[in-house]
Amino acid sequence: MTAHVYVTRAWSCTIRLAVTDAAVLADAAADLDALLDRVDRLASRFRPDSSLSIANAKAGRPVPIPRMLSDLVKAALDTAAYTAGAVDPTVGLVMHRIGYDRDIAEIPRHGPAVVASAAGLGWQDVRLHHEAGLLTVPLGTALDLGATAKAYTADHAARALYRRYGTGALVELGGDIATAGLSASGWPVRVAEHEGGPGQVVVLSHGGLATSTTVLRRWRRGGKNVHHIVDPRTGAPVGGRWRTASVYATSALAANSASTAALVLGEHAVDWLGERRLAARLVGVDGEVHTTPGWPAVTHTAAA
Amino acid sequence: MASGITAGVIALTVTLVTAVGHSSAATPTNSTSSTSDDSGSGSSDSGSGSSSSSDDGSNTGISSGSQMQAPVGGSNGS
């Protein structure tokens with residue numbers, strides 16, 4: 001297989017685009033860059049002028065939003081429903097409270113202790129008229145689409161590039177991977193807790209793959225580690241059995257929904273994944289790797 | 001299609017095009033009154049056929065790869 005790969009940085013993470021048709025790589029990369037910029041302007045929590053920030057600032061009132069933001073919010077609410085609230089987009093103020101109120105690179109490494117609270121969280125109170133493009137953020141809360149926007153955008157981009165150029169495409173946004181179209185021999189992808197870390201090479205023929213982890217995007221408050229994956233039941237960073245979850249599913253969004261939920265669900269994650277027949281690779285807080293049925297075996301151990 | 005892939009069977013050619021100095025510092029715009037505008041974005045399917053997070057897993061699309069195989073992407077925590 002010949003894959004032609006474009007690599008860049010955006011949203012504080014690595015972005016990769018792989019296509020099977022070299023002739024379209026430059027144009028496809030430009031399209032992807034434009035899409036990322038567009039989504040950033042729509043949904044960034046760190047830009048006061050983003051459409052999402054404007055809707056958050058007007059909590060309690062219906063606000064007209066662009067169609068694509070409506071799609072992003074719908075994806076977040078669908079994910080909340082699918083995970084029974086384990087992945088909840090109304091954690092915006094919680095993120096702010098624990099210190100994640102700016103780009104990850106700009107967060108002070110140390111700070112005073114934070115008090116966890118789940119007060120006000122509740123995705124069911126979000127009012128979205130999807131077709132009309134009207135969003136009402138519940139009063140006293142704020143939306144954070146960080147758990148789903150990357151995966152949604154990866155799916156969106158892969159499909160759009162396949163449709164526009166007829167090329168097989170793999171889009172990776174910070175570890176959330178979407179594929180569209182055919183690659184003669186599949187897409188070899190390395191799964192790991194962090195880039196360059198020990199892991200496993202798998203091959204995707206279609207679908208999506210995502211990894212969520214608590215070992216990255218960390219800082220300290222009150223002498224304790226804090227990270228970006230919040231348990232909506234407590235309003236605190238998750239601290240359960242698993243530190244990293246990788247899930248394969250029919251799309252990047254479905255995979256990311258499940259990988260994030262797995263970290264929140266902790267002890268119940270294996271049963272939850274099994275009930276949904278999702279292939280997963282889980283890394284425990286002790287570093288032990290556990291896989292669910294359907295996850296491919298390692299052909300031989302990668303260098304640790 | 002992906003099953004049975006072993007090292008040496010596939011000659012993987014990766015063309016790397018690395019963008020240096022990428023910035024998302026486009027001029028912010030208030031887009032609250034805009035509708036879907038896909039011009040130049042390659043994203044003309046906004047809102048249609050969106051992935052459903054309620055899809056059950058279909059595990060037939062993932063298989064083992066050789067650890068010697070050069071990946072084209074990475075699913076890492078972020």
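Is Thr213(A) buried or exposed? Keep that in mind as you open this predicted model, and make Thr213(A) your opening selection.

**Stop one: Thr213(A) and its strand**

Thr213(A) is buried, because 27 other C-beta atoms lie within 10 Å, and 20 or more is the cut-off for that label. You will find Thr213(A) in strand E10 of chain A, which covers residues 208-213. Now show its contacts: leaving aside residues up to four places away in sequence, Thr213(A) touches Glu193(A), Arg243(A), Thr244(A) and Gly77(B). Notice that Gly77(B) in that list carries the letter of another chain. If you would like a distance to draw, pick the C-alpha atoms of Thr213(A) and Phe46(A): they are separated by 21 Å, with these positions 167 residues apart along the chain.

Next, select the whole of E10(A). In this strand 6 of the 6 residues are buried, so E10(A) is largely enclosed by the rest of the structure. Turn on the side chains and look at the two faces: Gly208(A), Ala210(A) and Ser212(A) point one way, while Leu209(A), Thr211(A) and Thr213(A) point the other way.

**Stop two: the partners of E10(A)**

Which strands pair with E10(A)? One is strand E7 of chain A, residues 176-180, joined to E10(A) by 2 bridges in the antiparallel sense. Here, Ile177(A) has Leu209(A) as its bridge partner. Another is strand E15 of chain A, residues 242-249, which runs antiparallel to E10(A) and is joined to it by 6 bridges. To see this pairing, center on Thr211(A), which stands opposite Ser246(A).

**Stop three: a sheet with a helix on it**

Move on to the open sheet of 3 strands in chain A, arranged in the order E3-E5-E4 with antiparallel pairing. Strands E3 (63-64) and E4 (127-129) stand at the edges with a single partner strand each, so one side of each has no neighbour in the sheet. Helix H3 of chain A, residues 67-82, packs on this sheet and touches E4 and E5; the direction of H3 makes about 130 degrees with that of E4(A). Then zoom in on E3(A) and strand E5 (residues 134-136), which are antiparallel and joined by 2 bridges. In this pair Val63(A) stands opposite Leu135(A).

**Stop four: two helices side by side**

Select helix H5 (residues 149-165) and helix H6 (residues 252-265), both of chain A; they pack with their axes 8 Å apart, at an angle of about 160 degrees. H5(A) and H6(A) are therefore roughly antiparallel to each other, and the crossing is right-handed. Where do they meet? On the H5(A) side, color Ala151(A), Tyr152(A), Ala154(A) and Asp155(A); on the H6(A) side, color Ala252(A), Leu253(A), Ala255(A) and Asn256(A). By class, this contact has 6 nonpolar, 1 polar and 1 charged residues.

**Stop five: two loop residues with positive phi**

Finish with a pair of backbone details. Ser12(A) is in the loop between strands E1 (2-10) and E2 (13-19) of chain A. Although Ser12(A) is not a glycine, its phi is positive, at about 60 degrees. With 13 other C-beta atoms within 10 Å, Ser12(A) is partly exposed.

Then jump to Arg277(A), in the loop between helix H7 (269-275) and strand E16 (279-284) of chain A. Arg277(A) is not a glycine either, and has a positive phi of about 55 degrees. Arg277(A) counts as partly exposed, with 14 C-beta neighbours inside 10 Å.

Terms used
Residues are numbered from 1 along each chain as its sequence is written. Chains are lettered from A and ligands numbered from 1 in the order in which they are written. This is a predicted model: local features need pLDDT of at least 70, side-chain atom pairs count only at pLDDT 80 or more; totals for chains, interfaces and linings use all residues. Two strands pair if DSSP finds at least two bridges between them. Helices (H or I, at least four residues) and strands (E, at least two) are DSSP runs, numbered from the N terminus. Two residues are in contact if their C-beta atoms, placed from the backbone, lie within 7 Å. Axes are lines fitted to C-alpha atoms, for helices over the stretch in contact, and angles run from 0 to 180 degrees between N-to-C directions. A residue is buried if 20 or more other C-beta atoms lie within 10 Å of its own, exposed if 12 or fewer, and partly exposed in between; C-beta atoms are placed from the backbone. Angles under 35 degrees count as roughly parallel, over 145 as roughly antiparallel, 65 to 115 as roughly perpendicular and the rest as oblique. A crossing is left-handed if the near helix is turned anticlockwise from the far one by less than a right angle, and right-handed if clockwise. Ala, Val, Leu, Ile, Met, Phe, Trp, Tyr, Cys and Pro count as nonpolar, Asp, Glu, Lys and Arg as charged, and the others, Gly among them, as polar.
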